[in-house]
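Here is a walk through one structure, taken a few residues at a time. Please keep the sequence and the 3D view open while reading.

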Amino acid sequence: MDTKSLIINIATTLFQQKGYIGVGLSEILKACSLSKGSFYHHFPNGKEELLITCLHSLNEVITKDIEEIFELYPTTQEATNGMIEKLIVNFETEGTITGFTFSSIISEIASLSETVREACSDLYSKMQGIYSNKLEADGFPKESAESIALMMTASMEGGIMLCLTQKASDPLQVISQVLLNLLKEFKKIHE
């Protein structure tokens, strides 16, 4: 792995665990065994440039993972259940699911730049687009699919944060059941 990729991987994990403000440049340098000069060679605009790069990297990884899961299943209900099951397994085996969220960074959004806010917004938009497209393929009208996709995104992001704070996968298990029931009811309405 090249130096820039190493910095991105390590910093992404640190930002997810501690947030942007909670991670100092010296911690990143130490974790990567880098000098300041080497860091600024790769990220001349500093820590915020690194954060934006990490968010773009997360965007690719998270959306690719969601797309792969949603392509495996014929319906939104099955795909949603499959995705939540994967999150639960990750949490129960690794004790965390930070690789699937960036909420710790988002919570600091008011103190970050417009560029960072836009990078975060882009990821949420892509997630919602994946859900919405699957819902439309299931026969939901576009407007309903977009509204339900927004609710799914908010539910899963909130569920991940609850799992992390409660150190238990119960919130995602509850959300899985509730989302599946809601999707069944929404489907009945649109038939």
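The model is predicted. A convenient starting point is Lys142, which counts as exposed because its relative accessibility is 51%, and the cut-off for exposed is over 50%. Lys142 forms a salt bridge with Glu146, with the closest N and O atoms 3.3 Å apart. Both residues belong to helix H8, which covers residues 142-166, and they sit four residues apart, about one turn of the helix. Glu146 is partly exposed, at 41% relative accessibility.

Lys142 also has a salt bridge to Glu136, and here the closest N and O atoms are 4.0 Å apart. Glu136 is partly exposed as well, with a relative accessibility of 30%. Glu136, Lys142 and Glu146 are thus linked in a network of salt bridges.

Glu146 leads on to Ser132. When neighbours within four places in sequence are left aside, Ser132 is in contact with Ala145, Glu146 and Ala149. Ser132 is placed in helix H7, residues 114-137. Is Ser132 buried or exposed? Ser132 is buried, because its relative accessible area is 6% and buried means under 20%.

The search of the whole structure finds seven salt bridges. One of them has not come up yet: the side chains of Glu27 and Lys18 meet at 2.4 Å, N to O. Glu27 is partly exposed at 24% relative accessibility, and Lys18 is partly exposed with a relative accessible area of 43%.

Next comes Gly82, a residue of helix H5, which spans residues 76-94. Gly82 counts as buried because its relative accessible area is 10%. Apart from neighbours within four places in sequence, Gly82 is in contact with Ile69 and Tyr73. Which distance separates Gly82 and Ser176 in space? Their C-alpha atoms are 9.3 Å apart, although 94 residues separate the two in sequence.

The last stop is a nonpolar patch on the surface, formed by Val174, Val178 and Leu182. Together these three side chains' residues have about 230 Å² of accessible area. Val174 lies in helix H9, residues 170-189. Val174 counts as exposed because its relative accessible area is 53%. Val174 in the patch is therefore exposed, whereas Gly82 in helix H5 is buried.

Notes:
Residues are numbered from 1 along each chain as its sequence is written. This is a predicted model: local features need pLDDT of at least 70, side-chain atom pairs count only at pLDDT 80 or more; totals for chains, interfaces and linings use all residues. Side-chain values use heavy atoms; hydrogens and water are left out. Helices (H or I, at least four residues) and strands (E, at least two) are DSSP runs, numbered from the N terminus. Buried means under 20% relative accessible area, exposed over 50%, partly exposed in between (1.4 Å probe, protein chains only). Contact means heavy atoms within 4.5 Å. Patches are made of residues with over 30% relative accessible area and no salt bridge: like charges are joined within 9 Å, nonpolar side chains (Val, Leu, Ile, Met, Phe, Trp, Tyr) within 5 Å. Accessible areas come from the Shrake-Rupley method with a 1.4 Å probe; for residues, only the protein chains shown count as cover.
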